[in-house]
Protein chains: 2
Amino acid sequence: MQRIGSYTLQLDPPAYVLGSGSFAGKKEGEGPLKAYFDATHDDTTLGEDSWEKAESKLQTEAVKTAIQKAHLKSADIQYIFAGDLLNQCISSTYGLRGLGIPFLGQYGACSTMAQGLGMASVFVSSGAAENAVAVTSSHFCSAERQFRFPLEYGGQRTPTAQWTATAAGAAVLGHRPSAISVREVTFGRMTDLGVSDANNMGAAMAPAAVRTLTDYFTDTGTKPQDFDLVLTGDLGYVGSSLLREIMRKAGWNLETNHNDCGLMLYDRKKQDVHAGGSGCGCSGSVVCGYVFKQMEAGALNDVLFAATGALMSPTALQQGESIVGIAHAIHLHRET
Amino acid sequence: MQRIGSYTLQLDPPAYVLGSGSFAGKKEGEGPLKAYFDATHDDTTLGEDSWEKAESKLQTEAVKTAIQKAHLKSADIQYIFAGDLLNQCISSTYGLRGLGIPFLGQYGACSTMAQGLGMASVFVSSGAAENAVAVTSSHFCSAERQFRFPLEYGGQRTPTAQWTATAAGAAVLGHRPSAISVREVTFGRMTDLGVSDANNMGAAMAPAAVRTLTDYFTDTGTKPQDFDLVLTGDLGYVGSSLLREIMRKAGWNLETNHNDCGLMLYDRKKQDVHAGGSGCGCSGSVVCGYVFKQMEAGALNDVLFAATGALMSPTALQQGESIVGIAHAIHLHRET
């Protein structure tokens, strides 16, 4: 483990992705990434009594699948880093309580997949863990009623609003070499430029992505073109446009190889998701599904994954607060 | 860093406590630990517009004081590990957004102080950070209205209920040797024996404390009598009694040198707190105030601090769930 520049950790030895799981709901299964999920659920209750319990089950499925694909058992995992959007992170606690793995709850809002991957990688690289799991989830129905309105109310959504993904992603990181490694991690600083529109998370989070990506490129002496994909998640259309514009003005060209998990998960022309997807499970399922599979297949060699999060609550916004953004960046490298 | 036994990390080099801050409210200032806080606030709004903002301010104060006492500046801190009880951890995000330190939100309910201390220590010991901060808080008024009833309702409390502390604690961990070191960390597993009474958190969390303490003693080959203080936080009277009874039956004697942050923060004979104190800020302020000062003064040499948390939400309990408990243990050692 070596600190390079001001904000970046170089992992030596690297942490390897040993297995992953990616599960999603009906709407996500109708999108362009269907083939990359381990399974999608047409019944978004997953047969449970509540949406919260359904979301917990998505995490259970994702973790069990990831551990199985890593050819490991729960007892081989030293730590699980998990978090989600629900109050007190109950999708994670109730979804994972049966595993018997030491549990470290993380809260990074929609940046949780990157935060968890970073944490698990640091623990593995430092020798604190032989294997560690990162997992996160979100569910459209549990998020809507907690953050916005009861679904039955049928409230209209603004054009800048994003659609919370019903999905979960999990990954096992470990010492044992595999096709994909985590090479560097840049944990982000909170950035708040005063955006207070809860229906425009993209605008609130874009400055945080700018800051963390700039930190990463500066610390490592790299540029966007050194990567096959610079992947933010989940800025959506509005936030991605802002990100590219701000970065371009600062001399970083993201026009050719940037994409955003919120733009990839759904077909915005055919599916009514407004500015794109969001929620912890959005980047979680895209990375643990599409990205890892594309890397294993050799279609992507170097991916800079920078998940973004909006660290706010309805209570804070009702009290006149603005939305605090954050982004954490992870360099995923295909071993050849 | 070395893993010993099944669940414990031995930190070599250790992480040192370089500075700490401990702030509390009026009721806490009327208790037996007043002399150990950096300051107490007679106005529990701290001059802010809301209790949530007051709680944020407690975190700001605690962190700034801890960094100052460590003779450091914000720019010397690589990571801040922070969490609290409020939905989406807003006390942490809004309290710390101005510091410009990479932020890693933690969710461990009332175990957050131990989780954060453990995280910061692992990052320091592994070389991922030169210095890192752990901080947490709680506020009686913000917690009551979020988890139970509006204060104005004046609801009666059951004898097993605990009083959420208005308090915050912060510590700077670093490489530079000091009077107090973190020697081992045991991150806990979730434990759920089916307790579903939100007014009896002590009973819900005690089994988790049993498990983590047993893991620690087994892994390290130590026993309770090897410590000047085995300090749980915050089981209160009910949970502490259960802990001692279960441990005694398993052959571990906690009768002579166990105490609990929830029993220490208030004078239960004079102050109306029923089964004792609770909330992230309870163990946070007791450890970052009383414990560190007693260790620096030479009154305590070895403290095993095991903070407990109840990983649940009102929504989960309304849906018939039980309360998931967790505990993380930290061995604090006085350097002589």
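Guide: Domain bounds here come from an automatic or database domain assignment. This is a predicted model, where local features need pLDDT of at least 70, side-chain atom pairs count only at pLDDT 80 or more, and totals for chains, interfaces and linings use all residues. Residues are numbered from 1 along each chain as written, chains are lettered from A in the order written, and side-chain values use heavy atoms without hydrogens or water.

Visitor: What makes the lining of the second largest pocket one that draws on domain 1 and domain 2 of chain B?

Guide: At least three of its residues come from each of domain 1 (2-174) and domain 2 (180-334) of chain B.

Visitor: Which residues lie nearest the centre of that second largest pocket?

Guide: They are B:Glu144, B:Phe147, B:Arg148, B:Phe149 and B:Asn199, out of 21 lining residues. They count as lining because each has an atom within 4 Å of a pocket point (a pocket is an open set of 1 Å grid points where a 1.4 Å probe fits, with protein on both sides within 12 Å along at least five of seven lines).

Visitor: How much space lies in the second largest pocket?

Guide: About 450 Å³, counted as the space filled by probe spheres set on the points.

Visitor: And what volume has the largest pocket?

Guide: About 560 Å³. Its lining has 33 residues, with A:Glu144, A:Phe147, A:Arg148, A:Ala198 and A:Asn199 closest to the centre. Domain 1 (2-174) and domain 2 (184-334) of chain A each give this lining at least three residues.

Visitor: How do the residues of the two linings divide by class?

Guide: The largest pocket has 18 nonpolar, eleven polar and four charged residues; the second largest has twelve, six and three. A:Glu144 and A:Arg148, among those closest to the centre of the largest pocket, are charged because Asp, Glu, Lys and Arg count so.
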